[in-house]
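Visitor: Could you walk me through this protein, one step at a time? I am new to reading structures.

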Amino acid sequence: MANRGEIAIRVMRSCYEMGIRSVAVYSTADRLSRHVLFADEAECIGGAASVDSYLNIDHIIEAAHKHKVDAIHPGYGFLSENAEFARRCTAEGFIFIGPRPETMDEMGDKISARKKMIEAGVPVVPGTEEPLKSAEDAVEVSKKIGFPVMLKASMGGGGKGMRLIEREEDVVEMYNAARGEAMSGFGDDTVYIEKFVEEPHHIEFQILGDTQGNVVHLYDRECSVQRRHQKIVEETPSPFINNELREEMGRKAVAAAKAVGYVGAGTIEFLVDKYHNFYFLEMNTRLQVEHPITEEVVGVDLVKEQIRIASGEPLRYKQEELSQYGHAIECRICAEDTEHNFMPSPGMICQLQEPHGIGTRIDSYVYEGYEIPMHYDPMIGKLIVWATTREYAIERMRRVLYEYKITGLTTNIRYLRRIIDVPDFKNGDYNTYFIERNEDRLRSRSGFKNDSEPMAVIAAYMDYLMNMEENAGTKPDADHKPNGALTRWRAFGLQKGVLRV
């Protein structure tokens, strides 16, 4: 498992059910990570910095040889969409659980991908089909397409190398900034321009393709709750598109995958405007962070299908055999301070209380006493709920977010509670501007009943400490309860519904 954290554990769980032994790799900073403890075998591959460990192809290949593995799963992030890594795995005699490296090259280059989609009859946003050659070229193309336009890095992702341009006088500055960011982030400063889609929804389709040329889609995911192009909350089915549009987008997603001979699990991402016109955005040639909600409503273990496909087995499903049932929502749990510009908040977890109950799933890798390292992505887990309807799923997510307790560091759990309570989200009336349009409400503590909870916990803990001092050396009463005001405080707090610990 050439990855870390929750996705490593997620893959290993499917391996365990299939009777496949798993090998974890880890950096020196991850020696006590749960994915290391979960695996059948483990190997340290380098220092804390990703470039010395999880991005070090030579070290991963060396570990694979040492443990005599048959296949390598890249998870997502790190080397998951690195064609060189896929080629190296194959050359060294390992099965790479993912698409062909040629497909990664083709779809990783956004300009090449646009050309392929046009050939396949998949709608694309109007824009350039060739790389921009200069700032002057960018100005001319922008004027021809019409403002606003979106400047994008050809090899980009995660919002890097992306700029919204609304005025002609800003083109040159934005062009130079995007190129610099693209070179820094991807080692390639190629950029292109697309027409900006107004009030867009970010909707993606999960696809599976086998080595025999069969491709199916596993329906849609609404991913429009984003901050700086990073997804925060996802749900399926999308509350925005109707069944007719869903079927049409599904057909185009399959056509897109077939056009590049796709093998394995992947995602076709679309932008859908307010008039329900949809356009190809990009293809992710890997498993997505939000894949669990598709598993919940379709009933397919995507990791197991990845492994079977990589083993050469044909798809076990035909399109007409797949359907959605119920509604699922995922919230990304991150160690970050939402009150201070979402700064990462690494540190030790002192208390962890995870929610349980019907329709609740947690994909995570942390535990009490574990210290979250500062070297990697701040996401520490994903909270997923399923229910028969969207209304019930929202109610369930509200409840499990309230039950979720992590102390010792700052997380975004309270921020997620606020998102779920915003009327636009509850009504399904939102697009990729949801965060910006509700920023004041999401940052304000007023109007959210659960935000008074931390003060109650602090007050209870202070009372507990004071009573520990007062009652030091005293004996418990006949009911084995401590003397003093502590019992009365806890009784009052629990009875009134104020205290939750």
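Here is a short conversation about strands, helices and charged pairs.

Visitor: Before we begin, what kind of model is this?
Guide: Good thing to ask at the start. What you see here is a model, and that model is predicted.

Visitor: In what order do the three strands of the open sheet lie?
Guide: Start from the edges, where a strand pairs on one side only: these are E6 (163–165) and E7 (191–195). The sheet is open and its pairing is antiparallel. With E5 between the two edge strands, the order is E6-E5-E7.

Visitor: By what angle are neighbouring strands of this sheet turned against each other?
Guide: Take the average over neighbouring strands and ignore their direction. The value is then 25°.

Visitor: Which residue in E6 is the bridge partner of Leu151?
Guide: Strand E5 covers residues 149–153, and three bridges join E5 to E6. The two strands run antiparallel. In E6, the partner of Leu151 is Arg163.

Visitor: Which helix lies across E5, E6 and E7?
Guide: Two helices are worth comparing here. H7 (residues 135–145) packs on the sheet and touches E5 and E7, with its direction at about 15° to that of E7. The helix that lies across E5, E6 and E7 runs at about 170° to E6 and spans residues 171–186; it is H8.

Visitor: How many residues of strand E9 are buried?
Guide: A residue counts as buried when its relative accessible area is under 20%. Strand E9 covers residues 215–227, and it is largely enclosed by the rest of the structure because its buried residues number 13 of the 13.

Visitor: Which residue in E9 stands opposite Ile203?
Guide: Strand E8 (residues 201–209) pairs with E9 in the antiparallel sense, over six bridges. The hairpin of E8 and E9 has five residues between the strands, and there Gly213 takes a positive phi near 95°. Opposite Ile203, in E9, stands Glu222.

Visitor: And which residue in the turn between E9 and E10 has a positive phi?
Guide: Strand E10 (residues 230–236) runs antiparallel to E9, joined by four bridges. Val225 stands opposite Val233 in E10. The hairpin of E9 and E10 has two residues between the strands, and the one with a positive phi of about 55° is Arg228.

Visitor: Let's turn to charges. How many salt bridges does a search of the whole structure find?
Guide: Side chains of opposite charge can pair when their charged atoms come close. Searching the whole structure for salt bridges gives 39.

Visitor: How many residues apart in sequence are the parts tied together by Lys382 and Glu6?
Guide: The side chains of Lys382 and Glu6 meet in a salt bridge, 3.3 Å from N to O. Lys382 is buried at 0% relative accessibility, and Glu6 is buried too, at 4%. Lys382 lies in strand E20 (residues 379–387) and Glu6 in helix H1 (residues 5–17), so the parts tied together are apart in sequence by 376 residues.

Visitor: Is Asp170, the salt-bridge partner of Arg167, buried or exposed?
Guide: Arg167 and Asp170 meet through their side chains, 3.0 Å from N to O. Arg167 is partly exposed, with a relative accessible area of 43%. Asp170 has 18% relative accessibility, so Asp170 counts as buried.

Visitor: Which helix holds Arg246, the residue that pairs with Asp220?
Guide: In this salt bridge the closest N and O atoms of Arg246 and Asp220 are 2.6 Å apart. Arg246 is buried at 7% relative accessibility, and Asp220 is buried at 0%. Asp220 lies in strand E9, so the pair ties E9 to the helix of Arg246, which is H9 (residues 243–259).

Visitor: Which residue caps the N-terminal end of H11?
Guide: Helix H11 covers residues 302–310 and is largely enclosed by the rest of the structure, because eight of its nine residues are buried. What covers those buried residues includes H1, E8 and E9. At the N-terminal end, a side-chain oxygen lies 3.1 Å from the backbone nitrogen of Val303, and the residue that provides this cap is Asp301.

Visitor: Last one: which residue with a positive phi follows H11?
Guide: Move past the end of the helix and look at phi, which is positive there, near 95°. The residue is Gly312.

Technical notes. Residues are numbered from 1 along each chain as its sequence is written. This is a predicted model: local features need pLDDT of at least 70, side-chain atom pairs count only at pLDDT 80 or more; totals for chains, interfaces and linings use all residues. Side-chain values use heavy atoms; hydrogens and water are left out. Two strands pair if DSSP finds at least two bridges between them. Axes are lines fitted to C-alpha atoms, for helices over the stretch in contact, and angles run from 0 to 180 degrees between N-to-C directions. Contact means heavy atoms within 4.5 Å. Buried means under 20% relative accessible area, exposed over 50%, partly exposed in between (1.4 Å probe, protein chains only). A salt bridge is a side-chain nitrogen of Lys or Arg within 4 Å of a carboxyl oxygen of Asp or Glu. A polar contact is a pair of N or O atoms within 3.5 Å; within protein, one must be able to donate a hydrogen and the other to accept it, and residues adjacent in sequence count only if both atoms are side-chain atoms.
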